[in-house]
Amino acid sequence: MPTVCVTPAHFHSYELPYCQILQKAGFEIRFIDPEKHNLRDPATLIEQLGDCEAVLANPEPYTPEVLSQCQVRVISRAGVGFDSVDLEAATTNGIVVTRTPGVLHEAVAEQTLAFLFAISRNVIPRDRDARHGRWQRAAFPRLKGQTLGLVGLCPIGRCVAEKALALGLKVIAYDPYAAPHAGVELVTLDRLWSDADIVSLHVPCLPETAHLINRTTLARMKPGAVLINTSRGGLVDEAALVDALTSGHLSAAALDVFEEEPTRPDNPLLKLDNVVLAPHVAGLDIESLKDMANMAAENIVALHRGEWPSANIVNPEVRPNWKW
């Protein structure tokens, strides 16, 4: 009986539907508790994977060292990001990497808007003031009529655009691969930096996008602009962002993701009042969790049956050398 290891703690319940999908297909399920085991340590991850043939994975790092020493045939990411997996090493070692597209765009879009409202209406400081009897009634600019610049017009970016347009924002976007979208003006990246009142990131972290937000690009943004990142922490040079926030060049930022996760307690971003933070939860709501887990399980089952769910496979070049 093949074994699937499951690392995301929020999936550690045999009552969840995805477990039935795997068990019905003849898989044994083994939960790996990330609270007890440091899965960011390669030796620990290798040890915990043991004889597992598939892993329903979180963003723990699947490095060349890990991939060359484990018995895993499939890494099934519950989510759309896969930058924690060394794809070249996975392909070299005959490991298929899958993801779950199309199931979390609503959740991420809602978190993006939650950040937008939290900043534009100064929600957190106002809550603190009211609790401490500080009756300060300062006014802030209205969102309607402001320009939202989306870096990336993927399904998540499109979902954000639709909701933002309904709120009366002007939406522009940079994405050299995107088809036109109703109500959204496609612009150059330079134009987006200069025109956007709010910049929201919706691209993967690849070598060409790493530290896309840096001292140069931050300097090109409007004075008083806002940055929102619900995508990947590696897109942002955090030291440069701290400087832009403390100097006042950016008025605020909202971050769901960080360069290092969990972020260090001494990260200067944690001490800034003009920053709203979340612990990498943008894609998590009850519906998306269920759908991600189910699709991740279905990807594993399909591959075990000899099928090839090509729309969900991120390293298709592994196919000639892959076998279960």
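The radius of gyration used here is taken over C-alpha atoms, and the globule rule is 2.2 Å times the number of residues to the power 0.38.

**Figure 1. Overview of the predicted model.** For 324 residues a compact globule would have a radius of gyration near 20 Å, and the protein agrees with this because its value is 21 Å. Along the principal axes, the C-alpha atoms fill a box of roughly 65 × 45 × 35 Å. The protein has eleven helices and twelve strands. Of the contacts between residues at least 6 apart in sequence, 58% join residues at least 24 apart.

**Figure 2. Burial, surface and charge in the whole protein.** Buried residues account for 50% of the 324 residues. The exposed area of the protein is about 15,500 Å², of which carbon and sulfur atoms supply 52%. There are 29 positive and 39 negative charges, and their mean positions lie 7 Å apart.

**Figure 3. Helix α5, residues 105–120.** The helix has 16 residues, and the distance from its first C-alpha to its last is 22 Å, close to the 22 Å expected at 1.5 Å a residue. Its buried residues include the aliphatic side chains of Val 108, Leu 113, Leu 116 and Ile 119. Phe 115 is also buried, as are the alanines Ala 107, Ala 109 and Ala 118. Gln 111, Thr 112 and Ser 120 complete the list of buried residues in α5. Just after the helix, Asn 122 takes a positive phi of about 55°.

**Figure 4. Surroundings of Phe 11, in the loop between β1 and α1.** The loop that holds Phe 11 runs between β1 (3–6) and α1 (17–24). Phe 11 counts as buried because its relative accessibility is 2%, and buried means under 20%. Leaving aside neighbours within four places in sequence, the contacts of Phe 11 include Val 6, Leu 16 and Tyr 18. Phe 31, Leu 56 and Ala 78 are also in contact with Phe 11. Leu 289, Met 292 and Ala 293 are further contacts of Phe 11. Ala 293 is 282 residues from Phe 11 in sequence, yet the two are 7.3 Å apart in space, C-alpha to C-alpha. Helix α11 spans residues 286–304.

**Figure 5. Gly 234 and its contacts.** Gly 234 lies in the loop between β10 (225–229) and α10 (238–247). With a relative accessible area of 23%, Gly 234 is partly exposed. Not counting residues up to four places away in sequence, Gly 234 touches Cys 205, Ala 210, His 211, Phe 258 and Glu 259. Pro 204 is 30 residues from Gly 234 along the chain, and their C-alpha atoms are separated by 9.1 Å. One of the contacts, His 211, is found in the loop between β9 (198–201) and α9 (215–220). Phi of His 211 is near 55°, a positive value in a residue other than glycine. His 211 counts as partly exposed, at 31% relative accessibility.

**Figure 6. The cis peptide bond from Glu 261 to Pro 262.** Omega of this bond is near -10°. Pro 262 sits in the loop between β11 (250–255) and β12 (275–277).

**Figure 7. Pro 279 and His 280, in the loop between β12 and α11.** Pro 279 is exposed, with a relative accessible area of 65%. His 280 counts as partly exposed, at 28% relative accessibility. Phi of His 280 is near 55°, and this residue, which is not a glycine, thus has a positive phi value. The C-alpha atoms of Pro 279 and Gln 69 are separated by 31 Å, with the two positions 210 residues apart along the chain.

**Figure 8. Arg 220 in helix α9.** The helix that holds Arg 220 covers residues 215–220. Arg 220 has a relative accessible area of 44% and is partly exposed. Apart from residues up to four places away in sequence, Arg 220 touches Asp 190, Trp 193 and Ser 194. A second arginine, Arg 158, is 62 residues from Arg 220 along the chain, and the C-alpha atoms of the pair are separated by 24 Å.

Technical notes: Residues are numbered from 1 along each chain as its sequence is written. This is a predicted model: local features need pLDDT of at least 70, side-chain atom pairs count only at pLDDT 80 or more; totals for chains, interfaces and linings use all residues. Side-chain values use heavy atoms; hydrogens and water are left out. Helices (H or I, at least four residues) and strands (E, at least two) are DSSP runs, numbered from the N terminus. Buried means under 20% relative accessible area, exposed over 50%, partly exposed in between (1.4 Å probe, protein chains only). Contact means heavy atoms within 4.5 Å. Accessible areas come from the Shrake-Rupley method with a 1.4 Å probe; for residues, only the protein chains shown count as cover. Lys and Arg count as positive and Asp and Glu as negative; His and the chain ends are not counted. The place of a charge is taken as NZ of Lys, CZ of Arg, CG of Asp or CD of Glu. The expected span of a helix is 1.5 Å times one less than its number of residues.
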